[in-house]
Amino acid sequence: MRWGGNSSCVQVQGDGLAPLVFDMGTGARGLGMSLLGSPGRELDLLFSHFHMDHVFGFPFFVPIYVPGYKVRITVPGYSVEEAREKLSRYLNGMFHPTRLRDLPSEVSFSVVRPGAPFERGGYLLEGLQLNHPGGAMGYTVQADGVKLAYITDTAPFARPGEGLLAGEGPTPREEALVRFLSGCDTVIFDTMYEQAAYLERMTWGHSFPEYAVAVAQAAGVHELVLFHHAPEADDDQLDARADYWRGHTAPRVIVAREGATMTVEG
Ligand SMILES: [Zn+2]
Ligand SMILES: [Zn+2]
């Protein structure tokens, strides 16, 4: 009720640029309505992966129904055909009356592979393969001289007792993650579980706050946003999480709240 119950959908807004949106969880419906209230008629959508909680809002994202609205979609994958096919599984006339090929907006597709910087709509981006069943892409995005990372869904890049959180050096995969995040001002990171719950669900592809903090510290990040709360986490649990991390300074730790706006500062 107080922290929000929608699934992943994050808008990034650079000065003078069109909106860039990460994922189309159920939060996409409200975002689409608010975007229609602004004069722009183009945007970039980037998907981390195609699990339902990141796609389900797409058929309810009203800009895709506005003739002439330019919706540029970027997905992890190898070909534009593959990208189109993955999304059209949800928009095939069975799960929703709309079909992808019938959308009146100008929808275009492109793919991203990890390891090479790329540009969309004036933003500079890069992708990193995360640790999630079936794969997921994490992103960094730069504009206006600041850098933000969107890292969900992912499990830690080390087993318990190894790597950064164990106080040992980073594992090779953690080294790559830390390098990827270095220079970021703000990092949004999957912290679905508390640590004890994670230890019971290590193969589920999600992380916990202590791990995100250790990674952010190693990367020298100023500000960490705890994101992708467990569906069963209620307001009191999220209040407790916010209280627990409130005094933390390096990095500063914020618990994501639905509808919240924050300014990324260098
Ligand atoms: Zn997922
Ligand atoms: Zn998810």
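**Figure 1. The open sheet of 5 strands in the predicted model.** The sheet has mixed pairing and the strand order 1-2-3-4-5; strands are DSSP runs of E with at least two residues, helices are runs of H or I with at least four, and both are numbered from the N terminus. Two strands are taken to pair if DSSP finds at least two bridges between them. Strand 1 (10-12) and strand 5 (106-112) each have a single partner strand and stand at the edges, so one side of each is left without a neighbour in the sheet. From one strand to the next, the twist averages 20°, with axes fitted as lines to C-alpha atoms, for helices over the stretch in contact, and angles running from 0 to 180 degrees between N-to-C directions. This is a predicted model, in which local features need pLDDT of at least 70 and side-chain atom pairs count only at pLDDT 80 or more, while totals for chains, interfaces and linings use all residues. Residues are numbered from 1 along each chain as its sequence is written, and chains are lettered from A and ligands numbered from 1 in the order in which they are written.

**Figure 2. Strand 4, strand 5 and helix 2.** Over 7 bridges, strand 4 (residues 70-76) pairs with strand 5 in the parallel sense. Opposite threonine 74 stands serine 110 of strand 5. Helix 2 (residues 80-88) packs on the sheet and touches both strand 4 and strand 5; contact requires that the C-beta atoms of two residues, placed from the backbone, lie within 7 Å. The direction of helix 2 makes about 120° with that of strand 5.

**Figure 3. The buried side of helix 1.** Ala28, Leu31, Gly32 and Leu35 are buried in helix 1 (residues 28-36). A residue is buried if 20 or more other C-beta atoms, placed from the backbone, lie within 10 Å of its own, exposed if 12 or fewer do, and partly exposed in between. These residues lie on the same side of helix 1 because they cover an arc of only 100° around the axis, the arc being that of the directions from the helix axis to the C-beta atoms. The buried residues of helix 1 pack against strand 1, strand 2 (20-22) and strand 3 (42-46).

**Figure 4. The sheet of 7 strands.** This open sheet follows the order 6-7-8-9-10-11-12, with mixed pairing. Strand 6 (118-120) and strand 12 stand at its edges with a single partner strand each, so one side of each lacks a neighbour in the sheet. Strand 10 (residues 186-190) and strand 11 (residues 223-227) pair in the parallel sense over 5 bridges, and isoleucine 188 stands opposite valine 225 in strand 11.

**Figure 5. The largest nonpolar core.** Among its 72 residues, Ala149, Leu181, Val187, Phe189, Val215 and Leu224 touch the most other members; such a core is a set of buried Ala, Val, Leu, Ile, Met, Phe, Trp, Tyr and Cys residues joined through C-beta atoms within 7 Å. Helix 5 (residues 209-219) provides the largest share, 8 residues. The core lies between domain 1 (1-114) and domain 2 (154-258) because both give residues to it; the domain bounds come from an automatic or database domain assignment.

**Figure 6. Threonine 263.** This threonine is found in the segment after strand 12 (252-255). Threonine 263 counts as exposed because it has 8 C-beta neighbours inside 10 Å. The C-alpha atoms of threonine 263 and valine 12 are separated by 9.8 Å, although the two are 251 residues apart along the chain.
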